[in-house]
Amino acid sequence: MTIKLRSGLFAVALSVTLASCSEQVAEQETPEQENHHATAHEAEAQDGALAIQAQSEPDTLKGSLKAEAHGRIGPAHLTVAYHSPAVRGRVIWGGLVANNQVWVTGAHSATSLQTDQPITIGGQPLPAGKYALFTIPGEQEWTVIINKNWEQHLADDYSEAEDVVRFTVKPETVEQHQERLRYEIVPQNNEQGAVVMTWDKLKLSLPVGV
């Protein structure tokens, strides 16, 4: 009886010990999983782009902010991804942004225009896809360029041979100062709209149709 009792007590003690170890392992695994998810959320937040709003006053944020503009014109969903620099009291047109030179129309990497449906821009057909959006600023009118090579640094690798669309538009002077470069997708009706860029006191509208 004594041997059987001891064996029974040993079995109970072993079961309790194994159960305790299992709980400790589970407790140790849970924080690791939570930390993994937290890191993923932080990465998403760090990689997130801002929607630049109307802004007449300077801000305290340094550098050119990663930004996106989204919108629909008819059935087409358009996205402009760019880096938004601030004026910060500088001379922009004919100063920081030179006339008669290909400009990334933003900062850092090439500004991209993406559409999930065929559209027209500047009256010319543009198949669904992702493109670089360049401009050549001028005193009276600007040349707008839609280029195949959307993944490039500034206009360093720009090649006119890869242009898909080129057209000219006249910029507008506006009274309201816009501190950070801003893009908007502006629908006008079910078939027409515009990609609108404003910065400093200049507004550029690129007509879009579907």
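## The β1–β2 hairpin and its neighbour

Gly-71 stands opposite Leu-78 in β2, and that facing pair is a handy way into this predicted model. A second rung of the same ladder puts Glu-68 across from its bridge partner Ala-81, again in β2. Altogether β1 and β2 run antiparallel and share nine bridges. The connection between them is a hairpin with two residues in between, and Gly-74 in that turn has a positive phi of about 60 degrees.

Strand β1 spans residues 65-73 and has two faces. Leu-65, Ala-67, Ala-69, Gly-71 and Ile-73 make up the covered one, while Lys-66, Glu-68, His-70 and Arg-72 sit on the uncovered one. So Gly-71, the residue opposite Leu-78, belongs to the covered face, and Glu-68, the partner of Ala-81, belongs to the uncovered face.

How enclosed is β2 by the rest of the structure? Largely, because seven of its nine residues are buried. On top of its pairing with β1, β2 is joined to β3 by four bridges, also antiparallel. Leu-78 turns up here too: its bridge partner in β3 is Thr-115. That gives Leu-78 Gly-71 opposite it and Thr-115 as a partner in β3.

## Tryptophans and other rings

The structure holds seven aromatic pairs. Take Trp-93 and Trp-199: their ring centres lie 5.7 Å apart and their planes meet at 85 degrees, so this is an edge-to-face pair. It ties together distant parts of the chain, with Trp-93 in the loop between β2 (76-84) and β3 (112-115) and Trp-199 in strand β10 (residues 192-209), 106 residues apart. As for burial, Trp-93 is partly exposed at 24% relative accessibility, whereas Trp-199 is buried at 1%.

Trp-103 and Trp-142 are also edge-to-face, because their planes sit at 70 degrees with the ring centres 6.2 Å apart. This pair links distant parts of the chain as well: Trp-103 is in the loop between β2 and β3, Trp-142 is in strand β7 (residues 142-147), and 39 residues separate them. Both Trp-103 and Trp-142 are buried. Put it together and ring pairs link Trp-93, Trp-103, Trp-142 and Trp-199 into a cluster.

Over at Trp-150, what sits over the ring? The charged end of Lys-130 does, 3.7 Å from the ring centre.

## Asn-147 in strand β7

Strand β7, which holds Trp-142, also contains Asn-147. Is Asn-147 buried or exposed? Buried, because its relative accessibility is 0%, against a cut-off of under 20%. A polar atom of its side chain lies 3.5 Å from the backbone oxygen of Glu-162.

Leaving aside residues up to four places away in sequence, Asn-147 touches Tyr-131, Ala-132, Phe-134, Gln-152, Tyr-158, Ser-159, Glu-162, Asp-163 and Val-164. So Glu-162 appears both in that contact list and, through its backbone oxygen, beside the Asn-147 side chain. Asp-163 is worth keeping in mind too, as it comes back among the charged residues below.

## Salt bridges

How many salt bridges are there? The count comes to four. Arg-166 takes part in two of the pairings described here. With Asp-163 the N to O distance is 2.9 Å, and with Glu-160 the closest N and O atoms are 4.0 Å apart. Glu-160, Asp-163 and Arg-166 are thereby linked in a network of salt bridges.

The members of this network have assorted surroundings. Glu-160 is exposed, with a relative accessible area of 53%. Arg-166 is partly exposed at 30%, and Asp-163 is buried at 18%. Asp-163 also touches Asn-147, so the network has a member in contact with that buried β7 residue.

Elsewhere, the side chains of Arg-182 and Glu-184 meet in a salt bridge, 3.5 Å from N to O. Here Arg-182 is buried, with a relative accessible area of 15%, while Glu-184 is partly exposed at 27%.

Note on methods:
Residues numbered from 1 in each chain as written. Predicted model: local features only at pLDDT ≥ 70, side-chain atom pairs only at ≥ 80, totals over all residues. Heavy atoms only, no water. Buried < 20%, exposed > 50% of the residue type's maximum accessible area, 1.4 Å probe, protein only. Phe/Tyr/Trp six-rings, centres within 6.5 Å; stacked < 30°, edge-to-face > 60°. Lys NZ or Arg CZ within 6 Å of the ring centre and 35° of its normal. Pairing = 2+ DSSP bridges. Polar contact = N/O pair within 3.5 Å; in protein donor to acceptor, adjacent residues only side chain to side chain. Contact = heavy atoms within 4.5 Å.
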